[in-house]
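Take a look at the protein below. Turn the model around before reading on.

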Amino acid sequence: FIVTNAQRGYIDTVFAVHDVQKYFTDWMCFGDTNASKDVTIRKIIERNNLKNAVYVGDTQGDADSCEKAGIPIVYAAYGLGKVEKPWRSIDKFSELEDIFLRDKACNTLKSDDMSEKSIAAGKINTVIFDLDGTLLNSLSDLAASVNFALRCCGYPERTVDEVRSFIGNGVIMLMHRSVPKGTSGEDEKACFEKFRGHYLEHMEDTTAPYAGVNELIRALGEKG
């Protein structure tokens, strides 16, 4: 499963480029729900009657959404952000094999491993993935589109590290954090539209799956 704050069409583009759609049962994004990520997570859980799911993400926004949705988070520490007090952490994508395929963590999940809003104790049998910063290394393309929009609007550009720190809670929030403080809502919206147009054309210029993603996604999909 995939839940992301991306705009509608992004997941379809990823599937078309990387040929992994067959390994995912369902997917949902902000463009589908126009709601916060915790709501989108709950919607995909309800739509598929999921019982014991875990989310793999890379930002505190992901962690906060998981707490609200009542599921644990595996923190992708190799990604774009930071997470405080995750259920598990991984430094590279291949480490998910130890959690989900080698049965080390899935059978020992206890309710006190997570927040009081978390799911009941039980075996984890479903994985919901974030996209950017978790499955895909998209930082360079995001930064390029942010700076294209800022240049078009006459604003100072941002460093890649600044853009990294602004990521989380979707691209609308990314641009909100990128424009100068005090920018009017109308000007911010215009800048976002510049970003959106550029990113739709260039979001696959350098974006690629992290090492080991395709192989492990196939293994997880084949295991069911």
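This report goes from the whole chain to one strand, and then to the nonpolar cores.

**The whole protein**

This is a predicted model. Its mean pLDDT is 88, and 89% of the residues reach 70 or more. One stretch falls well outside that: over residues 107–122 the pLDDT is below 50. In the model, this stretch still has 30 contacts beyond near neighbours in sequence. Where pLDDT is low, the predicted coordinates should not be read in detail.

The protein has ten helices and eight strands. Of its 224 residues, 50% are buried. The accessible surface comes to about 10900 Å². Carbon and sulfur atoms hold 47% of that surface. Now take the contacts with a separation of 6 or more: 63% of them link residues 24 or more positions apart.

**Strand β4 and its partners**

Find strand β4, residues 73–76. Which residues lie on each of its faces? I73 and Y75 are on one side, and V74 and A76 are on the other. All four are buried, and both faces of β4 are covered. In a regular strand the side chains alternate between the two faces of the sheet.

Strand β4 pairs with β3 and also with β5, as the table shows.

| Strand paired with β4 | Residues | Bridges | Direction | A residue pair |
|---|---|---|---|---|
| β3 | 53–57 | three | parallel | G57 with Y75 |
| β5 | 88–90 | three | parallel | R88 opposite V74 |

What links β3 to β4 in the β-α-β unit? Helix α4, residues 60–69, is the helix of this unit. The unit β3, α4 and β4 is right-handed.

**The nonpolar cores**

The largest nonpolar core has 52 residues. Which residues have the most contacts inside it? They are L96, F100, F129, L135 and F195. Which helix gives the most to this core? Helix α6, residues 139–152, does, with six residues.

A second core is separate and has 17 residues. Among them are M28, A53, Y55 and V83.

Go back to F195 in the largest core. Leave aside its neighbours within four places in sequence. F195 is then in contact with L142, S145, V146 and A149, and also with V171, L174 and M175.

Technical notes. Residues are numbered from 1 along each chain as its sequence is written. This is a predicted model: local features need pLDDT of at least 70, side-chain atom pairs count only at pLDDT 80 or more; totals for chains, interfaces and linings use all residues. Side-chain values use heavy atoms; hydrogens and water are left out. pLDDT is the predictor's confidence in each residue, from 0 to 100. Contact means heavy atoms within 4.5 Å. Buried means under 20% relative accessible area, exposed over 50%, partly exposed in between (1.4 Å probe, protein chains only). Helices (H or I, at least four residues) and strands (E, at least two) are DSSP runs, numbered from the N terminus. Two strands pair if DSSP finds at least two bridges between them. A crossover is right-handed if, with the strands pointing away from the viewer, the path from the first strand over the helix to the second runs clockwise. Accessible areas come from the Shrake-Rupley method with a 1.4 Å probe; for residues, only the protein chains shown count as cover. A nonpolar core is a set of buried Ala, Val, Leu, Ile, Met, Phe, Trp, Tyr and Cys residues joined through side-chain atoms within 4.5 Å.
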